[in-house]
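Student: I would like to learn how to read a protein model step by step, beginning with the whole and ending with single residues. Could you take me through one?

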Amino acid sequence: MALSQNAPWLAYYGNTPASLSYPDCSMYELVAQAAQKHPKTTAYIFMGRKTDYSAFLQRIDAAAKGLTAIGINKGDRVTLCMANTPQALDCFYALNRIGAIANMIHPLSAPEEIALCINMSHSKAVLTLSQFYEKVASVKNRLEAPCQIIIARIQEELPPVTKLFYPLSQTARKEKPLPAAGYILWSDLLKKGQGISLPEHQAAADDCAAILYSGGTTGTTKGILLSNRNFNCLGLQTIAASGYPDISGMKMLAVMPIFHGFGLGVGVHTPLIGGATCILVPQFSIKTYSRILRRQKPDFIPGVPTLFEALLRCKNLENVNLGFLKGIFCGGDTLSPLLKKRVDAFLKAHGCTEQIREGYGATECISASCLTPKDYAREGSIGVPFPDTFYKIVKPGTTEEVPPHREGEICICGPTVMLGYMDNPEETAQALQIHPDGKRWLHTADLGFMDEDGFVYFRQRLKRMIVSSGYNIYPSQLESILDRHEKVLQSCVVGVKDDYKGQRVHAFVVPAPGITPDDALREELLAYCRNCFAKFAMPRQIEFRTDLPKTAVGKVAYRILEAEANEKAGL
């Protein structure tokens, strides 16, 4: 059966088109087209300082000339170890302008991780902020090939008044002075490029444009190769699915980090190809969040559940009307029913008619590929596939599709599916498989199901599984049930090694506000679990926490909790 004939979710698209037209061009070219249409529209706002599209293109060209001057050419790889700053965006699109590839990593990565990613990508240079110079420089003796260090200084992009007081800021006080040599300042790199000519077109649509990192299907670090077409298709799909076919002049809160597909693909590239504005947030805090909402009034907020949990704790929003919000998109982790209910109620109480729209994606598709329709949701569902994107559920370890409501591995086919894993043909072959329909499908290693109308329900990472007495237990399923309890705000279930059973179940629980974490609550939750869980899946212990540790992008860091639980057990 043709894919187009097997898409029942199209009946719920509303005004979203079933298919889109995608240009054969680079990311830079699509941004340049938006700039030609909206030259005086603000492309990004950083700490209150605005840069319009016309100036943004000039900055990109200047950066591209500077990169060329230090020997970066088409096909070369450059690591961006950056926060959400103007230099990061300028460099990202400048690399694309000359056909080079951006290798995106977290600026707070440990030195070992930085060295690993630079070596894996064979990067010829690395761009980072001055406050991270010492850490980046410390890995030079671990690198397999020479790598130039480029230093950007955040104060150079601040508005005049903020720049004046920057030396008194906490960030400045923590920063150590730069040494006399061993790096190239970003400002000097721009000077080096003066007088250099750039060719018109360097990157093709199907060329690799960026490398993002993920655990792949085996849990080990993998570099994910993503093309210009992947990013452009994601941006156009996101705009179409947003419910607003024209987002020009609107504002997107770019708080998700650019080393993450959600932050780079949705928070940055999507608004920039739509003639909209990115509100760049280099470091998230509740105080900053509240101030931006009050002063900047973004139209769209994409984020992980942690971001929306923080919304509930924002001060100075008591009498603020949030009716300016046109889209609130949640992905990256499971949104508990209680948190969704509380945030939706908060939004309604503050004059916003929108509710959180849950989505789902994988870094192997950059980020989102599935989203709850604008005016129709089903409880527990993460939505329906994006335009030109198809989902199927298969029996794990096969290409055999299972019937509706039957759990299996989520597979995705569409224009945002990655080129492959960097220098890893074995895992690429495992993740990208040709099915009997002749199409190339991404096997996500995620467990879920679809209903008869094509709504998708996420259940669990297949590789995150507890095996107890031979039974397979999926922690996310248990967490979903625990999170539905009215006295539970958030939970995390992990496996603890057991000499007899192999593993036993341990649950960490954050009680809802106002609920006392005592033995009575523990017994109430255990009684609740007995009514919902199979006996073999029952938690042996419930441990209360005021909060749960998070990863760099705001997901619950279940591996940390798993290690803690095993350490306490003496294992």
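Tutor: We will go from the overall form to the salt bridges, the cysteines, a few buried residues and the backbone.

Student: What should I keep in mind about the origin of this model, and how many helices and strands does the protein have?

Tutor: Keep in mind that this is a predicted model. The protein has 17 helices and 27 strands. Its radius of gyration is 24 Å, close to the 25 Å that the globule rule gives for 571 residues, so the protein is as compact as a globular protein of that length. Along the principal axes, the C-alpha trace spans about 75 × 60 × 55 Å.

Student: How do I read burial and surface for the whole chain?

Tutor: Begin with the share of buried residues, which is 58% of the 571 residues here. Then turn to the surface, where the protein exposes about 24100 Å², with carbon and sulfur atoms supplying 51% of that area. A further view comes from contacts: among those with a separation of 6 or more, 69% are between residues 24 or more positions apart.

Student: How many salt bridges are there in the whole structure?

Tutor: A search of the whole structure finds 26 salt bridges. A salt bridge is counted when a side-chain nitrogen of Lys or Arg is within 4 Å of a carboxyl oxygen of Asp or Glu. One of them joins the side chains of Arg229 and Asp24, with 2.6 Å from N to O. This pair links distant parts of the chain, since Arg229 belongs to helix α9 and Asp24 to the segment before α1, 205 residues apart. Arg229 is partly exposed at 21% relative accessibility, whereas Asp24 is exposed at 62%.

Student: Which side chain does Arg49 meet in a salt bridge?

Tutor: Arg49 meets Glu157, at 3.8 Å from N to O. Arg49 sits in strand β2 and Glu157 in the loop between β6 and α6, so this pair, too, links distant parts of the chain, 108 residues apart. Arg49 is partly exposed, with 32% relative accessibility, while Glu157 is buried, with a relative accessible area of 8%.

Student: And where does Lys392 find its partner?

Tutor: The side chain of Lys392 forms a salt bridge with that of Asp437, at 3.6 Å from N to O. Lys392 lies in strand β17 and Asp437 in the loop between β20 and β21, which places the two 45 residues apart. Lys392 is buried at 7% relative accessible area, but Asp437 is partly exposed at 32%. Salt bridges can also share partners, and in this way Arg49, Arg59, Asp90 and Glu157 are joined into one network.

Student: How many disulfides does the count come to, and why is Cys147 not in one?

Tutor: The count comes to 0 disulfides. A pair of cysteine sulfur atoms has to be within 2.5 Å to count. The sulfur of Cys147 is too far for a bond, because the closest cysteine sulfur, in Cys81, is 11 Å away. Cys208 is in no disulfide either, and the nearest cysteine sulfur, that of Cys117, is 14 Å away. Both cysteines are buried, Cys147 with 9% relative accessible area and Cys208 with 17%.

Student: How do I learn what surrounds a buried residue?

Tutor: Find its element, check its accessibility, and then list its contacts beyond the neighbours in sequence. Thr128 lies in strand β5 and is buried, with a relative accessible area of 0%. Leaving aside neighbours within four places in sequence, its contacts include Cys81, Met82, Tyr133 and Val136. Ala63, in helix α2, also counts as buried at 0% relative accessibility. With the same neighbours left out, Ala63 is in contact with Asp90, Ala94, Trp186, Leu189 and Leu190.

Student: What is the phi of Asn316 and of Ala445, and where do they lie?

Tutor: Asn316 has a positive phi of about 65° although it is not a glycine, and it lies in the loop between α12 and β13. Ala445 also has a positive phi of about 65° without being a glycine, but Ala445 is found in strand β21 and is buried, with 8% relative accessible area.

Technical notes:
Residues are numbered from 1 along each chain as its sequence is written. This is a predicted model: local features need pLDDT of at least 70, side-chain atom pairs count only at pLDDT 80 or more; totals for chains, interfaces and linings use all residues. Side-chain values use heavy atoms; hydrogens and water are left out. Buried means under 20% relative accessible area, exposed over 50%, partly exposed in between (1.4 Å probe, protein chains only). Helices (H or I, at least four residues) and strands (E, at least two) are DSSP runs, numbered from the N terminus. The radius of gyration is taken over C-alpha atoms; the globule rule is 2.2 Å times the number of residues to the power 0.38. Contact means heavy atoms within 4.5 Å. Accessible areas come from the Shrake-Rupley method with a 1.4 Å probe; for residues, only the protein chains shown count as cover.
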